[in-house]
Amino acid sequence: RCYILSNENGKIQLSLRQSRLNPKSNSKVDDVEITCIKDVKKGQLVRGYVKSITPSGVFFGLSTSLMGRILFQNVSPYFVQNHCLYEKYLAEGKLLTAKVLGVNGKGKHIELSLLPEDTGLPGILPESLGLPRYDAEEEKREADDREKREKLKMKTKQRRGNAERRAKRTRKIHWDQAEELHRVGKKIKLHWRLAKIRNCSIWEAKPKKKKKICPADGNDSGIEVYYREEEDDDQEEEAAKKKSKIRKPGEAPRLQVSMGFTWDEDMNAMDIPALNQKAESSESEEEEDPQSKLKKQTKKEKELEKQKKEKELCKLEAALMDPTRQPQSADDFDRLVLSSPNSSILWLQYMAFHLQATEIEKARAVAERALKTICFREEQEKLNVWVALLNLENMYGTEETLMKVFERAVQYNEPLKVFQHLCDIYANSEKYKQAEELYHTMLKRFRQEKSVWLKYASFLLKQGQTEATHRLLERALKALPTKEHVDVISRFAQLEFRFGDPQHAKALFESTLNSYPKRTDIWSIYMDIMIKHGSQKEVRDIFERVIHLSLAPKKMKFFFKRYLDYEKKFGTTESVLAVKRAALEYVETKSSLTDT
């Protein structure tokens, strides 16, 4: 049953939703149907199908009329340079769960995310691919930016410290001494020295803010200079410092130098601060050198670590490329099933790996994943997975779970094969009662299938129910068409030879050959079985009966050759000669008949 959504231009859209098929049912709807963009809200978890993968992202179908987009950074937390890799893991039509990041009602744009932190489900790309993460790249960039900012801060601090030291050395010149220098005729030298100060003009100093100006002392020239020549001058220096601190509001900042003037010497003595500055700058450079060396050493260590990691990755890749290597983890199996997604053997090995660790739910999940992954054209591969899932539920599940899986398997596969496999599972697990009930169901449902009667006969003979097998043969001959009777009787006789009464099997063959003496295929089967299970006398009797039949020359040649091979292997020279003579007589009689 299905619900017709639309029928336009020769295209019919159908729906298998239970809410559509049974609108009166009150069962809870897991996936609410999305018909328009108003049904989608930010932060909502929705399920849909992968429609296509383009350079702008993955397009995700939420309904027949509504489409969403997933940017590549929202598909996986790993950075993928080659977008073709997504096509392997996001096959077209794959069902996935996504989170709504944003909805634009005007443009009908829906932004979605498949990240594990958004959906709460495992990521699309496995960790075994070894891809770099987006957040790792951002952290690396942030660390580089922090390191650059710290370097700039260190340099600016050093420059400011050097500038402050130079300013301190040059801001302690008294205007009194400057006037004294003017009086002794050295005004030009003073101007030249003051011009060398870092762009500080003592003549253009102005107050920053207009405040109430207190009356200044008459003898104060506005600039103070103090110097250290002897220990007795320390008190004068301290007084000058205090006086400079208690500066009047209207006064400009006073220029000071670190050394005092010696009035008996020339102005060349003022070159000493410049020399000290050069010495201090060289000392700061020497202090910076070991820090840069340490940083270079850390870079080398980082390079060595990277080389070690690359070597480890190369070893891992070489181990993974080894064809003789057996998978030892879930990641190994993931890689194998990704390389051969339609191989049921790999999926069954993956299930067995989880069952060895008693992880029943994970084994079930692997089986369900295999059924979704294997191509629908690979019917036998899918059937193998269904049989494995039936075995799993029979061993570790309940009767209800087994029946649910069985009903699903019948729906998606050829029903007869599924019934036969479940009968074998019951028989192998010694659940004979359930197997017999299932065989009765099969005989009602598949009456015209010869294999069903034969399989049930084999089951009964293995249980030692020979009389039930004889009755079953009578039922089979009544149910099946006449052209199948000879084949069914011979197959029943073969089963009797293997599991039941050999005498009854011989009687079946004899009665069949009496009714159909020219069926050479039955004669050949009878010979093979008697060679395995009968005596040499019985075998020779059968050969003697066959070579005296009136069959076509080609068929007679085949039986004479088989008789001769048997005598060469088990007989004597006399018996071999007897077979040759019989063959020669047959040829002579045939030639005489042709002459006449």
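**Entry 1: a threonine in α19**

I began with T512, which is buried at a relative accessible area of 5%. A note to myself before going on: this is a predicted model, and I read every value here as computed from it. T512 belongs to helix α19, which covers residues 502–515. I then looked up what T512 touches, setting aside neighbours within four places in sequence, and found V486, I489 and I522.

**Entry 2: stepping back**

Next I wanted the whole protein in view. How many helices and strands does the secondary structure of the protein come to? I found 23 helices and 7 strands. The protein has 596 residues, and 30% of them count as buried. I also checked the contacts between residues at least 6 apart in sequence: 55% of these join residues at least 24 apart.

**Entry 3: α10 against α11**

Here I turned to helix packing. Two packed helices are described by the angle between their axes and the distance between the axes. I took helix α10 (residues 344–356) and helix α11 (residues 360–373), and read an angle of about 170° with the axes 8 Å apart. Angles over 145 degrees count as roughly antiparallel, so α10 is roughly antiparallel to α11. The crossing of α10 past α11 is right-handed.

Which residues make the contact? From α10 I listed W347, Y350, M351, H354 and L355. From α11 I listed I360, K362, A363, V366, A367, R369, A370 and T373. Sorted by class, the residues of this contact of α10 with α11 are 9 nonpolar, 2 polar and 2 charged.

**Entry 4: the loop between them**

I followed the chain into the loop between α10 and α11, where T358 sits. Most residues other than glycine have a negative phi. T358 is not a glycine, yet its phi is positive, at about 55°. I asked whether T358 is buried or exposed. With 64% relative accessibility, T358 counts as exposed.

**Entry 5: another loop with a positive phi**

E430 went on my list too, since this residue has a positive phi of about 60° and is not a glycine. E430 lies in the loop between α14 (415–428) and α15 (432–445). Its relative accessible area is 59%, and E430 is exposed.

**Entry 6: α10 again, now with α12**

I came back to α10 to see how it meets helix α12 (residues 379–396). Their axes come within 9 Å and cross at roughly 20°. Angles under 35 degrees count as roughly parallel, so α10 is roughly parallel to α12. α10 passes α12 in a right-handed crossing.

On the α10 side I noted S344, L348, M351 and L355. On the α12 side I noted E381, N384, V385, A388, L389, L392 and Y396. The classes in this contact of α10 with α12 are 8 nonpolar, 2 polar and 1 charged. M351 and L355 of α10 caught my eye, as they appear in the contact with α11 and also in the contact with α12.

**Entry 7: a glutamate in α12**

While I was in α12 I looked up E393, which lies in that helix. Is E393 buried or exposed? E393 is buried, with a relative accessible area of 5%. Leaving aside neighbours within four places in sequence, I found E393 in contact with R364, T398, T401, L402 and V405.

**Entry 8: α20 and α22**

One more helix pair. Helix α20 (residues 520–533) and helix α22 (residues 553–570) pack at an angle of about 5°, and their axes are 12 Å apart. I can therefore call α20 roughly parallel to α22. In α20 the residues T520, W523, S524, M527, D528 and I531 meet K555, F558, F559, R562 and Y566 of α22. By class, this contact of α20 with α22 has 6 nonpolar, 2 polar and 3 charged residues.

**Entry 9: an alanine in α17**

A468 is in helix α17, residues 466–479. A468 has 18% relative accessibility, and buried means under 20%, so A468 counts as buried. I also looked up how far A468 is from A457, 11 residues apart along the chain: their C-alpha atoms are separated by 8.4 Å.

**Entry 10: cysteines**

Last, I checked for disulfides. A disulfide is a covalent bond between the sulfur atoms of two cysteines. How many disulfides does the count come to? The count is 0 disulfides, taking a pair of cysteine sulfur atoms within 2.5 Å as the rule. I looked at C36, which is partly exposed with a relative accessible area of 32%. C314 counts as partly exposed too, at 49% relative accessibility.

Conventions:
Residues numbered from 1 in each chain as written. Predicted model: local features only at pLDDT ≥ 70, side-chain atom pairs only at ≥ 80, totals over all residues. Heavy atoms only, no water. Axes fitted to C-alpha atoms, helices over the stretch in contact; angles between N-to-C directions. Helix = DSSP H or I, 4+ residues; strand = E, 2+ residues; numbered from the N terminus. Parallel < 35°, antiparallel > 145°, perpendicular 65-115°, else oblique. Left-handed = near helix turned anticlockwise from the far one by under 90°. Contact = heavy atoms within 4.5 Å. Nonpolar A, V, L, I, M, F, W, Y, C, P; charged D, E, K, R; others polar. Buried < 20%, exposed > 50% of the residue type's maximum accessible area, 1.4 Å probe, protein only.
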